[in-house]
Amino acid sequence: MITLDDVRRSPNALAPHYSRFRVAERLLLTGHSHQAWPDVALLGQIDAFDDAAAAVDRKWDLAFAKADAVRAGFRLLLDDPAAETAFGANTHELVVRFLSAVDLRARPRLVTTSGEFHSVRRQLARLAEAGIEVVRLAPDPVDTLAERLAAAVDDRTGAVLVSAVLFESARIVPGLGELAAACARRGVELLVDAYHALGAIPFSVPGAGLDSAWVVGGGYKYLQLGEGNCFLRVPPHALEYRPVITGWFAEFEELADEGGRPRVSYAPGGTRFAGATYDPTSHYRAARVFDFFADHGLTAAVLRRISLHQNELLTRLFDTLDAPAELVDRDRSAPRTAFAGFLSLRSPHAAALSRGLAERGVITDSRGEYLRFGPAPYLSDAQLESAMGALGDVLAHESEGR
C-alpha cells in the first residue's frame, strides 16, 4: 500500500508503474487535465481487442461486465453504493441528455455560474440564443455561491448547474447540500459537475446532502482512466423521467402501446439515460486502472492526502519566489484545504508563462488569466521543486524583458 512517504521520495514509488508515460523523466504538471495512465491500462486495451477477436458480436456480454466494474468504481468514489448511473463518452452528451429530461417548456430558465467548464458554458450559451433564459452568477465570492444560486431560483427555473470544484481556480464550492435542499423544495433539478472533485478530494453524495442531485463526472483527469469514461448519476426521483435525447441502449426490446398511441419506452433505472453503441475499450482500460488503484491503496482519502501535500508544497515553493503580485499571484483568501487538486496562479501573462515553462520541460496549462500547476501521485517532491524552480527562471526572464 502506498504511503505519503513513498510518494515524496525520489524516485516516487509509483513511478515504475507508469513507465510508458515516462513520468520519472518528465515534469508533467497537467494532472488536473490529463494524468498519466498506469501501464496496466494498456493491458485493458489488449483485453478489449482479444475479447472482440474471440467473441466478435457476442463480445457485448463481456463488455457490459467491464462497464459494471467501472460503475462499481464510480459508486465507491461517490460513496453511493446504490447509485443509478448512465455512461457517456464525455460529460457534454450526458448534460444534454439531462437537459432533455427537464421540462423547459414549462420552466424555460436555467441558473448557473460564469465559472463553468466549456461543456456547460457553450451549450447553455447556445440555448440562450434559442430563447432559454440563462442566469449566470459570478463564482466569487465562492463561500456564498451556493446561497446566491439558491436565491436565484424561482418557479420558472428548470435546473441549476454548478461545479463542485471550479475548473479555473480549484476552489471547492461549499454549501451544495443546502442548495440541493432549496432546489428540491421548488421542484428544480440540480446538476453538480464533480469532475474536478473525484480523485482529488473525497466526494460523498449522502455526506454532502446531494441525494436529490444529479451528478456528472468522469475519469479523464485525476482517476487516470482515459477518454470515454464519463457518468451521470440519476437521483431517485428522476427514475421515471423520459429524456428526449435518447439512444437505443435505453429502450426495451419492443415499444409499449399506451392508449392506442405508440410510445417510446425506457429501461429501468439509470439505463433510461443511456446512449447507443460505444467503444467498450474505454471501460476495459478503466476497469484495469480501478483495480490498480485498489491494489495500491489509492483510496479517495489517500489521494487527498497526497494531493494536499503536493499542493501545499507547490504553494510554499511559489511563495519563496517572492514574485511581483502584478506579474503573478495566488489566491491567499483561504487555506489550501479550501482548494482541490491543483494550484492556480493568476497572471495577465498566464499563457506566456506556460509557454516559458514548456521550453524548460515543465508541462502546465493556462485558462485565461489562470496558470495551472496540477501535480499527480506519481510525481516526487524533487520534481515539484524543479518545476517551481523553472517558474522562477521564467519570471526572472519576464521581469528582465519588461
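This note goes through a predicted model point by point, from its confidence values to its salt bridges, a strand and two places on helices.

1. Confidence comes before everything else, since this is a predicted model. The mean pLDDT of the chain is 95, and 96% of its residues reach 70 or more. One stretch to read with care is residues 253–257, where pLDDT stays under 50 and for which the model has nine contacts beyond four places in sequence.

2. Salt bridges are a good place to begin reading the side chains. Side chains of opposite charge can pair when their charged atoms come close. A search of the whole structure finds 20 salt bridges, and the next points take up some of them.

3. One of these salt bridges joins the side chains of R8 and D381, with a distance of 2.9 Å from N to O. Because R8 belongs to helix α1 (residues 4–8) and D381 to helix α11 (residues 381–401), the pair ties together parts that are 373 residues apart in sequence. The two partners can also be described by their exposure: R8 is partly exposed, with a relative accessible area of 40%, whereas D381 has a relative accessibility of 8% and so counts as buried, the limit being under 20%.

4. A second pair, D80 and R233, also meets through its side chains in a salt bridge, at 2.9 Å from N to O. This pair links distant parts of the chain, with D80 in the loop between α3 and β2 (84–88) and R233 in strand β8 (residues 230–234), 153 residues apart. D80 counts as buried at 12% relative accessibility, and R233 counts as buried at 3%.

5. The salt bridge between the side chains of D68 and R71, again 2.9 Å from N to O, sits within a single helix. Because D68 and R71 are three residues apart in helix α3 (residues 59–78), about one helical turn separates them. D68 is partly exposed, with a relative accessible area of 46%, while R71, at 17% relative accessibility, counts as buried.

6. Salt bridges can also be linked to one another, and here R109, E133, D154 and R156 are linked in a network of them. R109 is also part of strand β3 (residues 109–113), which is largely enclosed by the rest of the structure, because five of its five residues are buried.

7. How do the residues of β3 point? R109, V111 and T113 point one way from the strand, L110 and T112 point the other way, and all are buried. The neighbour to look for in the structure is strand β4 (residues 133–137), with which β3 pairs in the parallel sense over five bridges. Within this pairing, V111 stands opposite V135 in β4.

8. A nonpolar patch can be found on the surface, where L42, L43 and I46 together make about 230 Å². Of these residues, I46 lies in helix α2 (residues 40–55), and I46 is partly exposed, with a relative accessible area of 40%.

9. The last residue to locate is R355, whose place is in helix α10 (residues 350–359). R355 is exposed, with a relative accessible area of 52%. Along the sequence, R355 and V394 are 39 residues apart, and in space they are 9.4 Å apart, C-alpha to C-alpha.

How values were computed:
Residues are numbered from 1 along each chain as its sequence is written. This is a predicted model: local features need pLDDT of at least 70, side-chain atom pairs count only at pLDDT 80 or more; totals for chains, interfaces and linings use all residues. Side-chain values use heavy atoms; hydrogens and water are left out. Patches are made of residues with over 30% relative accessible area and no salt bridge: like charges are joined within 9 Å, nonpolar side chains (Val, Leu, Ile, Met, Phe, Trp, Tyr) within 5 Å. Accessible areas come from the Shrake-Rupley method with a 1.4 Å probe; for residues, only the protein chains shown count as cover. A salt bridge is a side-chain nitrogen of Lys or Arg within 4 Å of a carboxyl oxygen of Asp or Glu. Helices (H or I, at least four residues) and strands (E, at least two) are DSSP runs, numbered from the N terminus. Buried means under 20% relative accessible area, exposed over 50%, partly exposed in between (1.4 Å probe, protein chains only). pLDDT is the predictor's confidence in each residue, from 0 to 100. Contact means heavy atoms within 4.5 Å. Two strands pair if DSSP finds at least two bridges between them.
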